Amino acid sequence: MEPNQNAAEAGGAAGDPGDRPAGHMPDVWARMHAELERQHAELDRIRAVLAGLTAEATSPTGDVAVTVNARGLLVGLTIAPSALRDRDATTLAGLITSLVAAADEKLRATRDQVSMSIVDGPEVTSPGYDDIVDVVRG
């Protein structure tokens, strides 16, 4: 069989891939490929959103504030002079630790909301397994 010749032209048996309507199988593969690319782009967008998340927590008196990044790491700390006068080192350390935990909890809640938006998103309309089997079987 010549490289550009399909099975029907080469005398292939009935039911061979060459018997399918021209362009039918490539349409399914093209739709599947487009859907995979769309999903990949959406996942990249979601990863970028999640990676850029930060959360803040502030003490009840407003004299200590923390910021954590998407991984829960402390990336910002503000301590007013009054916080140093009103608390000893151990108390201040405990406050900072609890504020970091509170900010991380806010961050977790935000991540959960983003995740739920993915789950509640539009239904995927890509070809399923049965569609592929039907195309392959002709």
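**Notes on a small sheet and its helix**

1. Let's start with L92. Leaving aside neighbours within four places in sequence, L92 is in contact with V64, I79, A83, L84 and R87. Keep in mind that this is a predicted model, so treat the contacts as what the model shows.

2. Now the overall layout. The protein has four helices and three strands, and along the sequence they come in the pattern α-β-β-β-α-α-α. Of its 138 residues, 23% count as buried. The exposed area is about 9,600 Å², with carbon and sulfur atoms supplying 57% of that. If you take contacts between residues at least 6 apart in sequence, 52% of them join residues at least 24 apart.

3. Where does L92 fit in? L92 is among the residues with the most contacts inside the largest nonpolar core, together with V64, V66, V68, I96, L99 and A103. That core has 14 residues. At least two residues each come from β1 (55-58), β2 (64-68) and α3 (89-119). The biggest contributor is α3, which gives seven residues.

4. On to the sheet. The three strands form an open sheet in the order β1-β2-β3, and the pairing is antiparallel. β1 and β3 (74-79) are the edge strands, each pairing on one side only. From one strand to the next, the twist averages 15°. As general background, strands of a sheet pair through backbone hydrogen bonds, in either a parallel or an antiparallel sense.

5. β2 deserves its own point. How many of the five residues of β2 are buried? Four of them are, so the strand is largely enclosed by the rest of the structure. The cut-off behind that word is under 20% relative accessible area. Three residues of this strand, V64, V66 and V68, are also on the list of those with the most contacts inside the largest core.

6. The β2 and β3 pairing is easy to follow residue by residue. Five bridges join these two antiparallel strands. V64 has I79 as its bridge partner in β3, and I79 also turns up among the contacts of L92. Further along, V66 stands opposite L77, while V68 stands opposite L74. The hairpin has five residues between the strands, and G72 takes a positive phi near 85° there.

7. On the other side of β2, the partner is β1. The two strands pair in the antiparallel sense over four bridges. One pair to look up is A55 with V68, its bridge partner in β2. V68 therefore has a named partner to either side: A55 in this pairing and L74 in β3. This hairpin also has five residues between its strands, and here G62 takes a positive phi near 80°.

8. Last, have a look at S59. S59 sits in the loop between β1 and β2. Is S59 buried or exposed? It is buried, because its relative accessible area is 4%, against a cut-off of under 20%. Not counting residues up to four places away in sequence, S59 touches V64, R87, L95 and L99. Two of those names, V64 and R87, are also contacts of L92, and V64 and L99 are on the list of residues with the most contacts inside the largest core.

Definitions and conventions: Residues are numbered from 1 along each chain as its sequence is written. This is a predicted model: local features need pLDDT of at least 70, side-chain atom pairs count only at pLDDT 80 or more; totals for chains, interfaces and linings use all residues. Side-chain values use heavy atoms; hydrogens and water are left out. Buried means under 20% relative accessible area, exposed over 50%, partly exposed in between (1.4 Å probe, protein chains only). Contact means heavy atoms within 4.5 Å. Accessible areas come from the Shrake-Rupley method with a 1.4 Å probe; for residues, only the protein chains shown count as cover. A nonpolar core is a set of buried Ala, Val, Leu, Ile, Met, Phe, Trp, Tyr and Cys residues joined through side-chain atoms within 4.5 Å. Two strands pair if DSSP finds at least two bridges between them. Axes are lines fitted to C-alpha atoms, for helices over the stretch in contact, and angles run from 0 to 180 degrees between N-to-C directions.
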